[in-house]
Structures are given as structure tokens and as C-alpha cells.
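Here's a quick tour of one chain, starting with model confidence and then moving to a helix and some charged pairs. Have a look at the structure first.

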Amino acid sequence: MSVTPVVELEGVSFAYRPGQPVLTDVDLAVAESEFVAVAGPNGGGKTTLIRLVLGLARPAGGSVRLFGEPAHRFSRRATLGYVAQRARLGGQGPITVREVVSAGRLAQGGLLGPLRSRDRAIVEAAMADVGLGELGDARLSELSGGQQQRAFIAKALAGQPSLLVLDEPTAGVDAGSQESLARPLDRL
């Protein structure tokens, strides 16, 4: 019995402009519980690949599937966790780390009303997993870049995703924060 890959690309090509391919004939299969890192130079197509996998862009050729469904029509978006390359919130608002991480639970319980006790426990565990357990009430704008990035990763973890996609999670993050990020990812 064959198992459906979590992510599957077959013969994928993509170009932002005709005649200037970013990706050509890419094949990739990612199995459940597999940890995959994509390395390459700046401008090499890594973020474009992620956008295709998440269904945020459509390939010029080939196919992209998530859990067996075409990525651009994937019906269970709440099962995906994604942290953009340079995740940030607009402005210098008073939002706290706990509020950011709590937003990761919205897809699980709706947009209205307070979080249930189970959701609050998941939020606290996600903050602890990335080393921000004691900074829940701190304003996001007052944290270092590495701490902010960990808050966004905790937000993704709080959603308890079936697929977690991180686009350069350690870009612009100091060595200590890189190690703090590696530990929870290693546990996953």
C-alpha cells in the first residue's frame, strides 16, 4: 500500500516573466514526519518553491499537491503552519507575544470569543517550546528580531499543523536564537 506524500511536486516549472524561469522541472516528495531543508543562494527560488507548495502561486508546468489535493485548491488550510521569511506585524502596536501566539489558534476555534482552556494551554506550551514562556506579556515590538521570529514560530506551532513550513527561519537571527529555534524543531 503506497502512502500519499504530504507534499508532492512533479515536473514543476515557474517563471515570473516569460523566458526567465525561476524553477524548471522540479520533482519533490515529502513524506509524513519528514524534515526537509532546501538550501540555495539568494534569488535561487526557495521562497517561490514554498509559495507553490502552499498554493499561493500556481506552476507554469507540472503539478503541486498537498496531502493528495492540488495545492491551489487545498481544502484544509487550518492544518498548515507557515512562517514567512521576514514575518512581522505592521506598526509598533501594543500587541503582546501571547496575543500573537494565540492568533495561531483562531483556525481551530473561530474568530470570536475568548480562547478555551485547552487553547490557552497549547499557546503557553508553544511559547515555552521556543523559549518565550516568560515573555508572554511582553510587547512584540520590544523584543529582539530573534525573539520576534520565535514568537511567529510559536504562533505556527500553536495551530498544531500537519505541515509546518518555515521560510528562512533563522535569517537575521543571532547564533543564540538560532540554537533556541533548532531545539523545538528537532523535537518535532
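This is a predicted model, and the chain averages a pLDDT of 86, with 89% of the residues scoring at least 70. Confidence isn't even along the chain: among its elements, strand β3 (residues 61-66) has the highest mean pLDDT at 96, while helix α6 (residues 175-187) has the lowest at 72.

Now for helix α5, residues 145-158. Its 14 residues reach 20 Å from first C-alpha to last, close to the 20 Å expected at 1.5 Å a residue. α5 is mostly covered, with 10 of its 14 residues buried; among them are G146, R150, F152, I153 and L157. Right after α5 comes Q160, which has a positive phi, near 45°.

On to the charges: the structure holds seven salt bridges. Three of them look like this:

| Salt bridge | Closest N to O distance |
|---|---|
| K46 with E168 | 3.9 Å |
| R98 with E124 | 2.6 Å |
| R116 with D119 | 3.1 Å |

The K46 and E168 pair ties together distant parts of the chain, 122 residues apart: K46 sits in helix α1 (residues 46-53), E168 in the loop between β6 (163-166) and α6. K46 is buried at 13% relative accessible area, whereas E168 is partly exposed at 25%.

With R98 and E124, the link runs from helix α2 (residues 97-102) to helix α4 (residues 117-129), 26 residues apart. R98 is partly exposed at 25% relative accessibility, and E124 is partly exposed at 32%.

As for R116 and D119, R116 is partly exposed at 47%, but D119 counts as buried at 3%. Elsewhere, E8, E10 and R65 are joined into one network by salt bridges that share partners.

Notes:
Residues are numbered from 1 along each chain as its sequence is written. This is a predicted model: local features need pLDDT of at least 70, side-chain atom pairs count only at pLDDT 80 or more; totals for chains, interfaces and linings use all residues. Side-chain values use heavy atoms; hydrogens and water are left out. pLDDT is the predictor's confidence in each residue, from 0 to 100. Helices (H or I, at least four residues) and strands (E, at least two) are DSSP runs, numbered from the N terminus. The expected span of a helix is 1.5 Å times one less than its number of residues. Buried means under 20% relative accessible area, exposed over 50%, partly exposed in between (1.4 Å probe, protein chains only). A salt bridge is a side-chain nitrogen of Lys or Arg within 4 Å of a carboxyl oxygen of Asp or Glu.
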